[in-house]
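The following exercises are to be worked through with the sequence and the 3D structure in view. Each task is followed by a solution in steps.

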Amino acid sequence: NPLGHIDAVGCAAPEGAEPAPAFAALEHLSLDNTRINDWDSIDRLGAMTALLELNCAGLPLWEEVLEADRRKLTIGRLQSIQKLNRSPISDEERQWAERFLVRYYSQSAAPPAAYTRLRTKHGDLQPLAEICLTPGKAFVDVFFEDEPLVGFELDMSLSLTEFKAQVAKITGAEAAQQEVYHKSPYDFVQLRNNETKLHANRILDGDELHVRV
């Protein structure tokens with residue numbers, strides 16, 4: 001019988017290996033904390049067209065990729081997955097991710113194979129703006145349950161936890177119950193890591209933060 005689930009947590013990834021035919025029907029794959037350190041290893045998973053769910057937290061690869069970009073660049077590469085790191089992928093998120101990938105690699109000399117496919121699908125898109133990823137200030141609009149909350153200069157050195165605490169003081173909504181989403185011209189994505197500094201999430205002047213409980 002074909003394999004349906006593989007858990008390779010903590011294992012080394014074979015270099016240069018293509019998925020074996022026995023994996024053709026694989027639907028669930030966990031690669032958490034494996035030694036994957038390049039995008040080629042993720043790209044090769046695209047050959048597993050039945051793959052629906054992928055877990056890939058704790059990879060050495062992520063040390064070289066902004067947290068704000070990791071999820072989008074993975075979703076854009078793998079067109080069959082419906083859940084990434086235990087979180088469902090909506091149709092809207094996939095559209096954002098695919099368009100982000102096209103922008104991200106638009107001026108790359110060696111884009112991944114997915115770039116050609118997605119460029120054909122979405123057309124030519126403006127490249128991502130060059131930004132300074134160091135702490136500073138950004139003027140953003142904040143929405144709480146889709147209602148404007150306040151516009152203010154956001155201290156980009158704050159962690160997501162600290163931002164939630166500020167919102168809690170204004171709204172009374174418990175920080176632990178808040179979900180924060182970043183809306184930019186490029187995407188609409190949930191900020192998930194409470195310890196990550198805001199400046200690592202590509203938040204720019206004119207962007208929006210949406211808080212939901």
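A salt bridge is a side-chain nitrogen of Lys or Arg within 4 Å of a carboxyl oxygen of Asp or Glu. Residues are numbered from 1 along each chain as its sequence is written, and side-chain values use heavy atoms, with hydrogens and water left out. The model is predicted: local features need pLDDT of at least 70, side-chain atom pairs count only at pLDDT 80 or more, and totals for chains, interfaces and linings use all residues.

**Exercise 1. Determine which residues are linked with E98 in a network of salt bridges.**

Solution.
Step 1. Apply the rule to K121 and E98: their side chains form a salt bridge, with N to O at 2.8 Å.
Step 2. Place this pair in the chain. Helices are DSSP runs of H or I with at least four residues, and strands are runs of E with at least two, both numbered from the N terminus. Because K121 belongs to helix α4 (residues 113–122) and E98 to helix α3, the pair ties together parts that are 23 residues apart in sequence.
Step 3. Apply the rule to E98 and R94: a salt bridge joins their side chains at 3.6 Å, N to O. Both residues lie in helix α3 (residues 91–104), four residues apart, about one turn of the helix.
Step 4. Combine the pairs: R94, E98 and K121 form a network of salt bridges.

**Exercise 2. Decide whether E98 is buried or exposed.**

Solution.
Step 1. Recall the classes: buried is under 20% relative accessible area, exposed is over 50%, and partly exposed is in between (1.4 Å probe, protein chains only).
Step 2. E98 counts as buried because its relative accessibility is 2%. R94 is buried as well.

**Exercise 3. Locate the salt bridge between R212 and D146, and classify both residues by accessibility.**

Solution.
Step 1. The side chains of R212 and D146 meet in a salt bridge at 3.8 Å, N to O.
Step 2. This pair links distant parts of the chain, 66 residues apart: R212 is in strand β10 (residues 208–212), and D146 is in the loop between β6 (137–144) and β7 (147–155).
Step 3. R212, at 29% relative accessibility, therefore counts as partly exposed. D146, at 48%, also counts as partly exposed.

**Exercise 4. State how many salt bridges the rule gives, and how many helices and strands the protein has.**

Solution.
Step 1. The rule gives seven salt bridges.
Step 2. The secondary structure consists of five helices and ten strands.
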